[in-house]
Number of protein chains: 2
Amino acid sequence: MHAFASANGPAAPRRRDGPERRAQILATAAELFAEYGFEQTSMREIAKRVNMLAGSLYHHFETKDDLLHALIRDPQQQMIRENERLAALPVDAELRLAATVIARFHQFSANWHVHVLLMQEANFYRQHAEFSYVQSAKNQASLVMTRILDEGIAAGLFRAEIDSYLTNATISQMISAAAGRLRQGAFISAVTGREYGLAAVLDHTLDCALRLVRPAARIEAPVRRAEAERLVGDCLGR
Amino acid sequence: MHAFASANGPAAPRRRDGPERRAQILATAAELFAEYGFEQTSMREIAKRVNMLAGSLYHHFETKDDLLHALIRDPQQQMIRENERLAALPVDAELRLAATVIARFHQFSANWHVHVLLMQEANFYRQHAEFSYVQSAKNQASLVMTRILDEGIAAGLFRAEIDSYLTNATISQMISAAAGRLRQGAFISAVTGREYGLAAVLDHTLDCALRLVRPAARIEAPVRRAEAERLVGDCLGR
DNA sequence: GTCTATACAGTGATAGAC
DNA sequence: GTCTATCACTGTATAGAC
């Protein structure tokens, strides 16, 4: 009944050690935070899901806020860097805009919970100075996209009348909202019951974004999605 | 020093009575809920702002949830009814779509805090069965707008290729987001510092909405905002 | 690295005096 | 209609045994 491990070599660990435990806690926390909100999720609940007691979490993270920082800080920074790399590509503004939209969806589907957390806890970040970097990063992302829009206008690719700031706000919102609706990787109409996958939603979002910026003459031009996809893949190395 | 009120007639009330007190509590609660979130706002905090103690609130409202119900239930119902009235007007679908967008902004600016509450506490409503009517009402609103879109497509006013459900989701989100950014009745760009008033944001949103649905041939047609405004004014009696 | 036990502040809600 | 006082509970976080 009781099989013993061989005497040499490390014994099977009764309590999981090191970084993998930390990662497990982070993943669980991300899930709960995204589902119930940061402040509505208790340390006790997180602990229960990873089979430990609340007090033990404090061996891995100093405070609850720390846990949140650890979840969002790096992914958001990486997102900004990727956006900047795409914005600097030597292709026309429309292709860079398309690549940005696509990249955002990739980032989202690769790290679903964290990105939900970034958008839906905006109130919390605004009220806690230690999280002000979240808003700074969002402003930075706005700046990058605003510049793409302005360059597109200057090049005659986008309508001259658009207000790049309002348009950026609208498009960014559109992306976040569309991605946010993809809760379990799909999005089910509450009215018709029909289901929309990531590809369909991305397609629709991309189409909408271009429709907002294109001049009448180019409104029905092809979307060049495949080219933009390839650009994203090459530039971000995937 | 001590002036007495005349013996007849009601004495000056030392503690404010009746419905006005209730209204004051509701207004204060709406403000705090919108600013800090429903669950992050304590009954003690609400009480402090209206100069009473937490226990006394329970003379006016049975529970904290009750307070929230009292805030959102009627305004949301009214919003739906207004949307339905507008959708039934005997004018073309595009004008009805424009009127819907405009009405939504009116509703929002007339009752700022409540509408913020309706959009930003979606997680909470989803998790508490007693608030399921919030989602039902949103679905109802979706249905109304989806029908406008479908009728516009059938009439050849809108593009035949649009998916009315996804497009409705996008436009609704656009309206909510735009209105939500108008926190203090205006919206200040974090990048350029430039300020946008309600009129400018409404203008932009309306333009975007029409741009998403119009076929290429009518993409630059005039927006008929004045006509839509008048329609809203007449239909909703303002 | 995890557990036990606990400190301490804050929560929604109630009972009864005034 | 409001206040005082309090209950039962949950929250984050800590100290020290194992």
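**Group meeting talk: two chains and two DNA strands**

Hi everyone, let's start with how chain A is divided: the domain assignment gives domain 1, covering 1-61, and domain 2, covering 72-235. Before I go on, please keep in mind that this is a predicted model. Between the centres of domain 1 of chain A and domain 2 of chain A, taken over C-alpha atoms, there are 34 Å. Where the two domains of chain A meet, each one puts eight residues into the contact.

Now to the DNA, beginning with strand D. Which residues come nearest to DNA strand D? Out of 17 residues around that strand, they are A:R44, B:R21, B:L53, B:H59 and B:H60. So you can see that both chains are on that list.

Let me go through some of the polar contacts to strand D. B:R21 has a polar side-chain atom 2.7 Å from a phosphate oxygen of DNA strand D. B:L53 works through its backbone instead, with an N or O atom 2.8 Å from a phosphate oxygen of the strand. On chain A, a polar backbone atom of A:M43 is 2.9 Å from a phosphate oxygen of DNA strand D. As for elements, those giving two or more residues to the surface near DNA strand D are α2 (43-49) and α3 (54-60) of chain A, along with α3 (54-60) of chain B. The most comes from α3(B), which gives three residues. Sorted by class, the surface near DNA strand D holds six charged, seven polar and four nonpolar residues. And if you look from the DNA side, 63% of the strand D atoms within 4 Å of the protein belong to sugar or phosphate, with the rest in bases.

Let's move to strand C. Here 18 residues surround the strand, and the nearest are A:R21, A:L53, A:H59, A:H60 and B:Y58. Sugar and phosphate make up 62% of the atoms of DNA strand C that come within 4 Å of the protein.

What does B:R44 reach on DNA strand C? An N or O atom in the B:R44 side chain is 3.2 Å from a base nitrogen of the strand. Two other contacts go to phosphate. A:S56 places a polar side-chain atom 3.2 Å from a phosphate oxygen of DNA strand C, and B:M43 has a backbone N or O atom 2.9 Å from a phosphate oxygen of that strand. The elements with two or more residues at the surface near DNA strand C are α1 (18-36) and α3 of chain A, plus α2 (43-49) and α3 of chain B. The largest share, three residues, belongs to α3(A). By class, that surface has eight polar, six charged and four nonpolar residues.

Last topic: the protein interior. The largest nonpolar core has 82 residues, and those with the most contacts inside it are L97, F105 and F158 of chain A and L97, F105 and F158 of chain B. Take A:L97 as an example: beyond its sequence neighbours up to four places away, A:L97 touches A:M145, A:I148, A:L149, A:F158, A:L210 and A:V213.

And one residue from chain B to finish. B:L71 sits in helix α4, residues 64-87 of chain B. Is B:L71 buried or exposed? Buried, because its relative accessibility is 7%, under the 20% cut-off. Apart from neighbours within four places in sequence, B:L71 contacts B:L26, B:A29, B:A30, B:F33, B:V114 and B:L117. B:H113 is 42 residues from B:L71 in sequence, while their C-alpha atoms are 9.5 Å apart.

Thanks, and I'm happy to take questions!

Key
Residues are numbered from 1 along each chain as its sequence is written. Chains are lettered from A and ligands numbered from 1 in the order in which they are written. This is a predicted model: local features need pLDDT of at least 70, side-chain atom pairs count only at pLDDT 80 or more; totals for chains, interfaces and linings use all residues. Side-chain values use heavy atoms; hydrogens and water are left out. A nonpolar core is a set of buried Ala, Val, Leu, Ile, Met, Phe, Trp, Tyr and Cys residues joined through side-chain atoms within 4.5 Å. Buried means under 20% relative accessible area, exposed over 50%, partly exposed in between (1.4 Å probe, protein chains only). Contact means heavy atoms within 4.5 Å. A residue is near a molecule or strand if one of its heavy atoms lies within 4 Å of it. A polar contact is a pair of N or O atoms within 3.5 Å; within protein, one must be able to donate a hydrogen and the other to accept it, and residues adjacent in sequence count only if both atoms are side-chain atoms. Helices (H or I, at least four residues) and strands (E, at least two) are DSSP runs, numbered from the N terminus. Ala, Val, Leu, Ile, Met, Phe, Trp, Tyr, Cys and Pro count as nonpolar, Asp, Glu, Lys and Arg as charged, and the others, Gly among them, as polar. Domain bounds come from an automatic or database domain assignment.
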